[in-house]
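Here are some exercises to work through with the structure at your side. Try each task yourself before you read the solution.

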Amino acid sequence: MRTKIVAGNWKMNKNFHEGLELTSEITGMVNDEINGNVEVVLIPTYIHLNAISQLTQGSNKISTGAQNCHIENSGAYTGEISAAMVAAAGCKYCLAGHSERRLFNNETNSVLAKKVDAILANNLSPIYCCGETLEERNAEKHFDIIGSQVKEGLFHLNNEQILKCVIAYEPVWAIGTGVTASTAQAQEVHAYIRTSLTEKYGIDIASQIRILYGGSVKPDNAKELFSQADIDGGLVGGAALQSRSFVDIVKGAV
Ligand code: PGA
């Protein structure tokens with residue numbers, strides 16, 4: 001059985017005070033309201049990670065992650081943050097390849113493969129994001145695009161390494177748009193990703209890897225999405241910025 005994950009990607013939102021307040025609210029609500037087995041991950045901006053990681057220590061269900069990292073552990077890279085620094089800030093996870101970074105920061109699959117290596121080398125788990133644009137879906141290229149994102153970013157890993165990875169399928173046309181992929185559309189892609197993992201690593205390993213859905217997840221669609229055979233939770237943006245809606249989404253995973 002795969003333990004579901006619900007991760008909140010706060011992107012470039014929340015000042016320090018707001019971030020601490022949101023963390024305290026979520027921690028309290030998760031402790032009071034969530035009994036089942038689920039992992040909750042908070043992904044704030046880098047500069048709040050230390051403080052937020054400390055605040056989450058009060059819950060064994062909640063951990064933290066970073067939104068990105070550099071491929072090197074240290075060096076003359078002004079303005080960058082290494083996976084080693086992310087780990088030292090108390091994180092368990094680090095995103096790699098969110099579509100906003102692929103788009104605005106020109107992150108390619110080959111650079112992302114190196115980020116995944118840096119994340120794993122620092123004993124963190126990557127949450128590796130993939131997903132097609134609307135144009136690519138309309139041209140029926142989505143399976144090819146997602147297939148190459150997953151293969152080029154992850155398939156150099158050995159068995160032990162791939163088992164530490166989480167994959168997030170996020171159709172670009174569903175991110176921040178209010179248009180969620182239908183459960184059938186999402187499940188179809190998740191099953192495709194799991195089949196690719198099976199072909200490369202075998203069924204034993206593929207069946208242990210968590211594949212999250214992201215793109216306009218809300219309290220009223222979370223439960224149906226997360227109950228699909230290959231959907232193991234969600235990566236949530238907008239609805240993660242408010243404690244009530246985020247914890248209601250977490251409830252959809254238990
Ligand atoms: P959204 O963002 O939930 O606001 O669509 C998801 C994401 O970008 O991870």
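**Exercise 1.** Decide whether Ile-145 is buried, partly exposed or exposed in this predicted model, and find its place and its contacts.

*Solution.*
Step 1: Start with the place. Ile-145 belongs to helix α7, which covers residues 142–154.
Step 2: Look up the relative accessible area of Ile-145, which is 21%.
Step 3: Apply the cut-offs. Buried means under 20% and exposed means over 50%, with partly exposed in between. Ile-145 is therefore partly exposed, because its value is 21%.
Step 4: Now list the contacts, leaving aside neighbours within four places in sequence. Ile-145 is in contact with Gly-131, Glu-132 and Glu-136.
Step 5: Add a distance across the model. From the C-alpha atom of Ile-145 to that of Ala-84 is 30 Å, and these two residues are 61 apart along the chain.

**Exercise 2.** Stay in helix α7 and classify Gly-147.

*Solution.*
Step 1: Gly-147 is also placed in helix α7.
Step 2: Its relative accessibility is 5%, so Gly-147 counts as buried.
Step 3: For a distance, take Tyr-213, which is 66 residues from Gly-147 along the chain; their C-alpha atoms are separated by 16 Å.

**Exercise 3.** Two residues that are not glycine have a positive phi: Lys-11 and Glu-140. Work out where each one sits.

*Solution.*
Step 1: For Lys-11, phi is near 50°. Lys-11 lies in the loop between β1 and α1 (16–33).
Step 2: For Glu-140, phi is about 55°. This residue is in the loop between α6 (134–138) and α7.
Step 3: Check the accessibility of Glu-140. With a relative accessible area of 68%, Glu-140 is exposed.

**Exercise 4.** Describe how strand β8 is paired and which way its residues point.

*Solution.*
Step 1: Locate the strand. β8 spans residues 233–236.
Step 2: Sort the side chains. Gly-233 and Leu-235 point one way, while Gly-234 and Val-236 point the other way. All of these residues are buried.
Step 3: Take one partner. Strand β1 (residues 4–9) runs parallel to β8, and 4 bridges join them. In this pairing, Gly-8 has Val-236 as its bridge partner.
Step 4: Take another partner. Strand β7 (residues 211–214) pairs with β8 over 2 bridges, again in the parallel sense. Here Tyr-213 has Gly-234 as its bridge partner.

**Exercise 5.** Compare the surroundings of Thr-183 and Lys-115, and say how each is classified.

*Solution.*
Step 1: Thr-183 lies in helix α9 (residues 183–201). Its relative accessible area is 18%, so Thr-183 is buried.
Step 2: Not counting residues up to four places away in sequence, Thr-183 touches Glu-224, Leu-225 and Gln-228. With Glu-224, the side chain of Thr-183 also forms a polar contact of 3.1 Å.
Step 3: Lys-115 is in helix α5 (residues 109–121). Its relative accessibility is 7%, so Lys-115 counts as buried.
Step 4: Leaving aside neighbours within four places in sequence, Lys-115 is in contact with Asn-68, Cys-69, Ile-71, Arg-101 and Glu-107.

**Exercise 6.** Build a picture of the shell around the ligand: how many residues surround the ligand, and which are the closest?

*Solution.*
Step 1: Count the shell. There are 13 residues around the ligand, and the closest are Lys-11, His-98, Glu-170, Gly-176 and Ser-216.
Step 2: Divide the shell by type. It holds 4 nonpolar, 7 polar and 2 charged residues.
Step 3: Find the short distances to oxygen atoms of the ligand. From His-98, a polar side-chain atom lies 2.7 Å from a ligand oxygen. From Gly-176, a polar backbone atom is 2.6 Å from an oxygen atom of the ligand. From Ser-216, a polar backbone atom is 2.7 Å from an oxygen atom of the ligand.
Step 4: Finish with the area. Taken alone, the ligand exposes 290 Å², and the protein buries 95% of that.

Conventions
Residues numbered from 1 in each chain as written. Predicted model: local features only at pLDDT ≥ 70, side-chain atom pairs only at ≥ 80, totals over all residues. Heavy atoms only, no water. Near = heavy atom within 4 Å. Polar contact = N/O pair within 3.5 Å; in protein donor to acceptor, adjacent residues only side chain to side chain. Areas by Shrake-Rupley, 256 points an atom, 1.4 Å probe, with all protein chains shown as cover. Nonpolar A, V, L, I, M, F, W, Y, C, P; charged D, E, K, R; others polar. Buried < 20%, exposed > 50% of the residue type's maximum accessible area, 1.4 Å probe, protein only. Contact = heavy atoms within 4.5 Å. Pairing = 2+ DSSP bridges.
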